[in-house]
Amino acid sequence: MKIGVVGLGYVGLVTAVCLASHSSFDVIGVDVDSRRVSILQSATSPVKETGLDKLLAKVRLAQRFSATSDFGDLITCDVIFLTVGTPSGNDGSVDLNDLSEAARNVGSVIANQSKENAIVIKSTVPPGTTRNIIRTIIKQASNKKMEEESSIVSNPEFLAEGSAMKNFLEPDRIVIGVQDERGARLMRNLYSEFYGRDFQKIPYIETSIENAELIKYASNYFLSLKVSFINEISRICETLEHSSVDAIASGIGFDPRIGSQFLKAGPGWGGSCFRKDILGLINYAKNHNLDLPVLLGNLSTNDIQRRHVVEILSNRVGDLGGKKIGVLGLTFKANTDDIRDSQAFAIVSELRKRNVRVCVYDPVAMGKFREECNEEIECAKDIEECVSGADGVIVLTDWKEFKKLDSNFFSAHMKGGTLIDTRRMYNKDDFKGAGFAYIALGVND
Ligand code: UGA
């Protein structure tokens with residue numbers, strides 16, 4: 001089967017390379033960014049994702065994956081995935097410009113195609129977009145009789161950065177939104193070929209296009225809500241003696257109706273998807289006159305949690321003006337180089353409002369953070385420089401480099417003060433007698 005993937009970012013590239021790892025598929029990746037295409041032509045990945053470089057080299061060697069900027073190369077494809085980014089517009093609406101342009105280009109190519117095909121939308125789009133906007137664009141550009149000659153499908157992705165390859169190769173479900181039997185059959189053929197007979201018992205959900213689109217939003221809404229929920233519980237724990245949020249998470253997580261995952265309190269959720277998708281849903285609600293207070297609350301709880309990290313510090317240290325505070329960890333979680341909607345931006349800006357001398361360090365994202373942070377900051381060359389002489393340190397991500405540190409390290413380099421551990425990585429007993437306060441977020445003992 002010949003497969004096209006349009007848009008070679010995190011999602012597109014992982015999709016393309018994983019599909020190409022199966023000997024039945026030839027995959028053509030298309031991206032308008034010619035720099036990205038030339039990096040790929042040299043068989044290195046322009047995005048950092050565990051296992052991606054290795055599999056990319058393998059599929060390039062087997063000649064089952066090629067990258068191009070020429071949409072015309074898609075002419076031979078049976079199935080074309082659109083994995084173009086759908087960022088937030090300034091008003092929280094979803095910016096569909098790139099996706100619409102890609103759909104137009106694909107439509108013009110399939111206009112000259114004689115075999116049956118399916119165009120599969122993997123980009124996250126507000127419910128109703130695939131049928132009402134993307135299908136219309138493809139129909140106009142291709143002049144095809146949709147559903148008779150060409151099918152449109154929604155197939156949302158559930159890839160988390162850092163484990164995206166595993167999430168693709170061993171998914172917990174496959175969701176297919178489709179409106180005609182031919183499109184449904186093409187997708188069943190593709191995924192049963194890839195995963196094996198009966199999709200190896202992976203739940204395979206065939207539903208309407210609109211349901212598939214909403215399943216994606218609802219998933220991210222619920223996951224982020226779980227994190228916001230536990231962050232609120234975490235703040236309750238901090239007011240209660242002998243209390244620890246991880247004990248509460250474990251106590252409730254055994255209830256299968258609740259589940260134990262996504263109950264790790266921290267400095268609030270970040271990343272390229274949660275805020276964008278929640279804003280997208282808020283915008284959808286506004287356009288449909290829906291009052292969704294839980295959705296709005298999720299966002300404000302997250303903003304409060306980010307500010308709360310600085311509150312803990314200032315409650316401890318007092319006036320933060322002129323003090324040096326080290327911030328360790330600038331990506332939105334460990335094991336990614338992504339700083340999109342990273343908690344660090346909000347926390348640094350909150351510190352700067354209080355005239356703090358902020359010194360930051362991250363093992364992979366220093367360059368990007370320096371470029372994108374609008375605040376006056378010092379960028380340390382290593383962990384030691386970041387914490388040296390600091391009156392306080394905030395650890396924001398659980399990078400393994402940070403986990404290795406201990407009380408001796410901090411007391412040898414910090415001026416004194418307070419260490420805030422937002423991910424509860426260290427053993428508090430180790431800090432007894434260290435000469436400064438160790439505060440684990442969500443713990444009060
Ligand atoms: C998220 C979803 O997990 C994926 O299923 C989804 O496909 C993806 O968005 C997307 O829409 O593309 P991702 O943004 O990579 O994936 O990151 P997550 O692992 O979900 O973490 C998001 C944020 O929540 C991070 O800042 C993380 O530190 C925080 N988090 C997560 C917690 O604070 N506590 C937890 O228990 C879990």
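Is V294 buried, partly exposed or exposed? V294 is partly exposed, because its relative accessible area is 48%, and exposed would require over 50%. The model is predicted, so every value here is computed from predicted coordinates.

Start with the surroundings of V294. The residue sits in helix α11, which covers residues 293–317. Setting aside residues up to four places away in sequence, V294 touches Y221 and L225. S234 is 60 residues from V294 along the chain. In space the two C-alpha atoms are 18 Å apart.

Now go to the ligand. The shell around the ligand holds 20 residues. E161, K216, N220, K264 and F332 come nearest. Sorted by class, the shell has 11 nonpolar, 3 polar and 6 charged residues. Which helix gives the most to this shell? That is helix α8, residues 209–238, with 4 residues.

Three polar approaches to ligand oxygen can be read off one by one. K216 places a polar side-chain atom 2.6 Å from an oxygen atom of the ligand. R423 has a side-chain N or O atom 2.9 Å from a ligand oxygen. G270 uses its backbone instead: an N or O atom there lies 3.0 Å from an oxygen atom of the ligand. How much of the ligand does the protein bury? Taken alone, the ligand exposes 710 Å², and the protein buries 90% of that.

K216 and N220 lead on to D277. Both are in contact with D277, as are T124 and Y217, once neighbours within four places in sequence are left aside. D277 is found in helix α10, residues 274–287. Why does D277 count as buried? Its relative accessible area is 3%, and the limit for buried is under 20%.

Next comes the nonpolar interior. The largest nonpolar core has 57 residues. Within it, L328, L351, F410 and Y426 touch the most other members. Another core lies apart from it, with 44 residues. Among the members of that other core are L19, V27, L40 and A67.

Take L328 for a closer look. Its contacts, neighbours within four places excluded, include Y361, I383, C386, V387 and V393. I394, V395, L396 and T397 are also in contact with L328. F402, L405 and F410 complete the list. F410 is itself one of the residues that touch the most other members of the largest core.

V327 has its place in strand β10. Is V327 buried or exposed? V327 is buried, because its relative accessibility is 0%. Away from its sequence neighbours up to four places off, V327 touches L351, V358, C359 and V360, among others. Y361, C386, I394 and L396 are also touched by V327. Y361, C386, I394 and L396 appear among the contacts of L328 as well. F254 gives a contrast in position: 73 residues from V327 in sequence, and 34 Å away from C-alpha to C-alpha.

Helix α5, residues 129–142, holds I137. I137 counts as buried because its relative accessibility is 12%, under the 20% limit. Which residues does I137 touch, not counting those up to four places away in sequence? They are S100, A103 and R104. E101 lies 36 residues from I137 along the chain. The C-alpha atoms of I137 and E101 are separated by 8.9 Å.

Two loop residues deserve a check of their backbone angles. Q63 has a positive phi of about 55°, although it is not a glycine. Q63 lies in the loop between α3 (52–61) and β3 (65–68). Q63 is exposed, because its relative accessible area is 69%.

D341 is the other one. Its phi is near 45°, again a positive value in a residue other than glycine. D341 is found in the loop between β10 (324–328) and α12 (343–353). What relative accessibility does D341 have? The value is 22%, so D341 counts as partly exposed.

Notes. Residues numbered from 1 in each chain as written. Predicted model: local features only at pLDDT ≥ 70, side-chain atom pairs only at ≥ 80, totals over all residues. Heavy atoms only, no water. Near = heavy atom within 4 Å. Polar contact = N/O pair within 3.5 Å; in protein donor to acceptor, adjacent residues only side chain to side chain. Areas by Shrake-Rupley, 256 points an atom, 1.4 Å probe, with all protein chains shown as cover. Nonpolar A, V, L, I, M, F, W, Y, C, P; charged D, E, K, R; others polar. Buried < 20%, exposed > 50% of the residue type's maximum accessible area, 1.4 Å probe, protein only. Contact = heavy atoms within 4.5 Å. Core = buried A, V, L, I, M, F, W, Y, C linked by side-chain atoms within 4.5 Å.
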